[in-house]
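Subject: A structure for you to look at

Hello,

Here is the structure I promised to pass on. Please open it next to this email and follow along as you read.

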Amino acid sequence: MLVAFSVAPSGTGRADGSVSEAVAAAVRVVRDSGLPHRTDAMFTTVEGTWDECMAVVKRATDAVAPYGSRVSLVLKADIRPGYDGELDAKVARVEAALRDE
């Protein structure tokens with residue numbers, strides 16, 4: 001299972017609107033989880049079982065909560081039983097298809 005999520009606080013009271021410290025707290029949770037993961041400018045993707053992934057999302061959300069008066073969470077999941085290593089394999093299949101053109 002792959003779960004891509006974005007979590008950020010609002011109501012931070014910061015004049016510049018930055019949420020980088022809060023996002024760093026969430027990414028720290030992901031890194032400490034030991035699950036395969038990838039972070040880009042918009043989302044962090046984790047790979048594992050339903051329970052593993054959702055536990056990480058919950059802990060990451062909890063880590064962001066102190067930074068604002070509310071938290072926004074966007075989540076997208078690819079649930080494909082019997083497949084592991086898809087964090088890299090999905091990208092590899094697309095790259096292979098592009099080479100075959």
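Below is what I found in it, beginning with the strands and ending with a cavity. Please keep in mind that this is a predicted model.

A good place to begin is strand β3, which covers residues 44-47. Is β3 covered on one face or on both? Both of its faces are covered. T44 and V46 lie on one side, T45 and E47 lie on the other, and all four are buried.

Next, look at how β3 pairs. Strand β1, residues 2-10, runs antiparallel to β3, and four bridges join the two. Strand β2, residues 37-39, is also antiparallel to β3, with three bridges between them. If you trace the chain from β2 to β3, you will see that they make a hairpin, with four residues in between.

V46 is a handy residue to click on. Its bridge partner in β1 is V3, while in β2 it stands opposite H37.

Now for the cavity. How many cavities of 30 Å³ or more are there? The count is one. The largest cavity has a volume of about 40 Å³. Which residues line it? They are M1, L2, E47, D78, R80, Y83 and E86. You have already met E47, one of the buried residues of β3. The lining divides into three nonpolar residues and four charged ones, with no polar residues.

Try selecting the lining residues and viewing them together. Happy exploring, and do write back with any questions!

Best wishes

How values were computed:
Residues are numbered from 1 along each chain as its sequence is written. This is a predicted model: local features need pLDDT of at least 70, side-chain atom pairs count only at pLDDT 80 or more; totals for chains, interfaces and linings use all residues. Side-chain values use heavy atoms; hydrogens and water are left out. Buried means under 20% relative accessible area, exposed over 50%, partly exposed in between (1.4 Å probe, protein chains only). Two strands pair if DSSP finds at least two bridges between them. On a 1 Å grid over the protein atoms alone, a cavity is a set of points where a 1.4 Å probe fits but cannot get out, and a pocket is an open set with protein on both sides within 12 Å along at least five of seven lines; lining residues have an atom within 4 Å of a point. Grid points are joined across faces, edges and corners, and a volume is the space filled by probe spheres set on the points. Ala, Val, Leu, Ile, Met, Phe, Trp, Tyr, Cys and Pro count as nonpolar, Asp, Glu, Lys and Arg as charged, and the others, Gly among them, as polar.
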